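Work through the exercises below with the model open. Try each task before you read its solution.

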Amino acid sequence: MHSHWSNSSLLQSRSSTTEGQQRKTMGRYAIPVKGLFVLFCLWAVAVEAEYLKYKDPKQPLGARIRDLMKRMSLEEKIGQMTQIERKVATADVMKQYFIGSVLSGGGSVPAPKASAEDWINMVNELQKGALSTRLGIPMIYGIDAVHGHNNVYNATIFPHNIGLGVTRDPNLLKRIGAATALEVRATGIQYAFSPCIAVCRDPRWGRCYESYSEDHKIVRAMTDIIPGLQGDLPANSRKGVPFVAGKSKVAACAKHFVGDGGTVNGIDENNTVINSNGLFGIHMPAYYDSIIKGVSTVMVSYSSWNGKKMHANRDLVTGFLKDKLKFRGFVISDWQGIDRITSPPHANYTYSVQAGVSAGIDMIMVPENYTEFIDTLTQLVKDNIIPISRIDDAVKRTLRVKFIMGLFENPLADLSYVNQLGCQEHRELAREAVRKSLVLLKNGKSTSQPLLPLPKKAPKILVAGTHADNLGYQCGGWTIEWQGVAGNDLTVGTTILSAIKNTVDPATQVVYEQNPDSNFVKSNEFSYAIVIVGEVPYAEMFGDSTNLTITEPGPSTINNVCGAVKCVVVVVSGRPVVLEPYVEKIDALMAAWFPGTEGQGVADALFGDYGFSGKLARTWFKSVDQLPMNVGDRHYDPLFPFGFGLTTQPVKRN
């Protein structure tokens with residue numbers, strides 16, 4: 001750990017003692033010894049400026065990795081396997097423990113409403129700590145950019161995956177990936193924990209909106225977001241080798257390996273009970289595609305397969321993912337994922353570290369108590385319980401990703417992408433994604449009298465419902481905060497109410513009443529009403545639900561309004577919800593999912609500037625008693641089947 005200068009001064013003091021002794025004994029050797037000392041000093045300087053193969057971008061990747069690995073101590077290797085939360089990270093911590101990676105958990109930001117510059121300054125400060133170590137290995141900073149750069153104020157928030165699956169449009173996904181990469185890079189971050197390629201088989205799961213579809217074929221097609229995030233693979237790429245095309249792209253992460261969407265009753269982090277054919281036929285295929293498309297990292301699932309925790313499943317993580325599928329990037333744990341190998345979590349941490357690392361996890365999202373992790377793993381290696389070959393595999397993979405993405409050449413972020421954050425072009429793309437993700441479920445009490453598209457020129461219209469003027473509700477979970485935020489002060493965007501006002505004729509009076517009673521509706525002579533209701537935001541286990549109902553007072557708003565005037569109901573939710581009791585009463589019905597910041601996309605379709613084209617990528621159940629129920633099941637009796645969606649034509653206006 002001594003710097004070159006302390007070594008030199010040490011050598012000088014040692015040399016002077018030796019020199020003095022030599023003079024006393026044999027004076028005639030005084031000059032040659034002095035000469036030797038000068039040579040020795042020159043040699044020390046030469047060693048210091050020695051050519052470091054790993055720092056030379058012209059060297060082949062393998063040679064750089066080998067050169068760096070042979071220089072690394074155990075302490076430096078274990079540092080590379082450690083990912084810590086920004087709250088506990090400082091430049092000194094990075095330097096002292098050789099930390100390889102930092103992350104922001106949901107809602108973990110440098111300051112409320114932090115600017116792109118604030119983010120860059122924080123990331124660079126930590127990076128400088130990493131670069132000041134003996135070998136100067138850059139750290140990689142990761143964040144959950146799961147529907148746009150969703151932790152960051154003013155970022156473009158795209159629809160959640162459940163809406164994007166409806167589009168069945170891989171090219172759209174690729175463009176969203178590219179836009180997200182630019183916004184993530186705008187804040188100096190190089191790694192996105194995205195995409196979630198779960199195949200959600202039960203909408204009671206609180207993460208179902210993070211899944212593109214119940215059908216693995218749609219999920220597979222949507223993995224085109226990966227070349228969007230990372231860049232297109234060069235033509236001659238070897239299968240399984242990660243790829244990131246430079247400074248405008250980020251490392252992506254396919255998650256959560258494997259079977260997270262298949263747990264019993266949709267309980268988050270629970271047990272997926274399914275035979276091998278089911279696991280490999282439904283939940284695994286999107287991983288093949290992700291690896292073929294060069295995904296850099298894979299995150300392991302909290303869930304179990306037939307009672308065995310995925311974080312401890314060596315057969316699947318090492319045997320299948322690494323050995324069979326030839327995945328060459330790194331495998332990362334989920335947040336405290338190894339702690340949860342035991343029940344209760346952290347009950348036997350030494351066992352957890354041993355089981356997780358032995359299973360093949362390369363980087364551990366610790367994320368806070370990093371000294372405990374480092375000390376535990378170090379001891380396990382020293383006691384020969386975990387072989388050094390396993391550590392070397394982990395470090396090699398992490399370094400491979402860092403070298404491939406050019407992190408050694410460009411470790412520090414600059415301001416060149418700052419103007420990409422929330423830019424107009426990305427907001428237009430999100431608006432397009434919203435339009436294409438809407439599903440029209442009913443249009444008119446009879447097909448001969450459709451209600452949509454709505455006329456823009458109407459004397460007076462009513463907009464009602466909890467979700468009409470609430471940007472936070474519209475964005476859902478994983479937005480600014482982990483669980484999402486209510487209200488309109490969270491970030492920059494357009495609520496559906498604002499979008500309606502922007503779209504109708506200037507002479508049309510728009511009356512907004514969140515929860516009107518039926519007398520109010522009857523006495524006001526509205527031309528029609530738009531009711532916008534749904535679920536409030538949630539993430540992970542907090543979204544697990546056994547009843548899947550629209551949040552109160554949504555149902556009473558539907559009853560009061562739709563009983564008294566022609567109405568279209570817009571459902572803002574992370575999954576199908578109970579609708580059967582209201583469908584008769586409603587004139588037109590559409591699913592908007594969690595559309596994100598660009599509510600204008602909803603108005604685009606409502607008023608016929610664009611047609612409805614979306615088709616359900618999930619089955620819409622009649623009652624929760626039917627669950628789980630997926631397309632192809634024997635007792636398939638849905639309210640709206642998989643693939644259903646009415647279409648409309650855009651209105652030609654002069």
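**Exercise 1. Two annotated spans**

Task: For residues 74-401, find how far apart the end C-alpha atoms lie and what percentage of the span is helix and strand.

Solution.
- In this predicted model, the end C-alpha atoms of residues 74-401 lie 20 Å apart.
- The span is 40% helix and 10% strand.
- An unreviewed UniProt entry places "domain: Glycoside hydrolase family 3 N-terminal" at these residues, 74-401.
- The entry also annotates residues 438-647, as "domain: Glycoside hydrolase family 3 C-terminal" (unreviewed).
- For residues 438-647, the end C-alpha atoms are 10 Å apart, with 18% helix and 15% strand.

**Exercise 2. A three-stranded sheet**

Task: Find the order of the three strands in the open sheet, and say whether the pairing is parallel or antiparallel.

Solution.
- The order is β5-β7-β10, and the pairing is parallel.
- β5 (253-257) and β10 (330-332) are the edge strands, since each pairs on one side only.
- On average, neighbouring strands of the sheet are turned by 25° against each other, direction ignored.
- Now take one pair: β7 (residues 297-300) is joined to β10 by three bridges.
- Within that pair, M299 has I332 of β10 as its bridge partner.
- Finally, add a helix: α12 (residues 285-292) lies across β5 and β7. α12 runs at about 155° to β5.

**Exercise 3. The buried residues of a helix**

Task: Which residues of helix α14 (residues 349-359) are buried, and what covers them?

Solution.
- The buried residues are Y349, S352, V353, A355, G356, V357 and A359.
- Recall the helix geometry: with 3.6 residues a turn, residues three or four places apart point the same way.
- The cover includes the helices α13 (314-324), α15 (370-382) and α16 (388-404). Strand β11 (364-365) is also part of the cover.
- Just after α14 comes G360, with a positive phi near 120°.

**Exercise 4. A tyrosine in a loop**

Task: Is Y54 buried or exposed, and which residues does Y54 touch beyond four places in sequence?

Solution.
- Locate Y54 in the loop between α2 (30-48) and α3 (61-71).
- Apply the cut-off: buried means under 20% relative accessible area. Y54 has 1% relative accessibility, so Y54 counts as buried.
- List the contacts: Y54 touches R64, D67, L68, R71, L135, F403 and F408.
- Look closer at L135: the backbone oxygen of L135 lies 2.6 Å from a polar atom of the Y54 side chain.
- Compare sequence and space: Y54 and R66 are twelve residues apart in sequence, and 8.0 Å apart C-alpha to C-alpha.

How values were computed:
Residues are numbered from 1 along each chain as its sequence is written. This is a predicted model: local features need pLDDT of at least 70, side-chain atom pairs count only at pLDDT 80 or more; totals for chains, interfaces and linings use all residues. Side-chain values use heavy atoms; hydrogens and water are left out. UniProt positions are given in the numbering used here, feature names are shortened, and annotations may be inferred rather than shown by experiment. Helices (H or I, at least four residues) and strands (E, at least two) are DSSP runs, numbered from the N terminus. Buried means under 20% relative accessible area, exposed over 50%, partly exposed in between (1.4 Å probe, protein chains only). Contact means heavy atoms within 4.5 Å. Two strands pair if DSSP finds at least two bridges between them. Axes are lines fitted to C-alpha atoms, for helices over the stretch in contact, and angles run from 0 to 180 degrees between N-to-C directions. A polar contact is a pair of N or O atoms within 3.5 Å; within protein, one must be able to donate a hydrogen and the other to accept it, and residues adjacent in sequence count only if both atoms are side-chain atoms.
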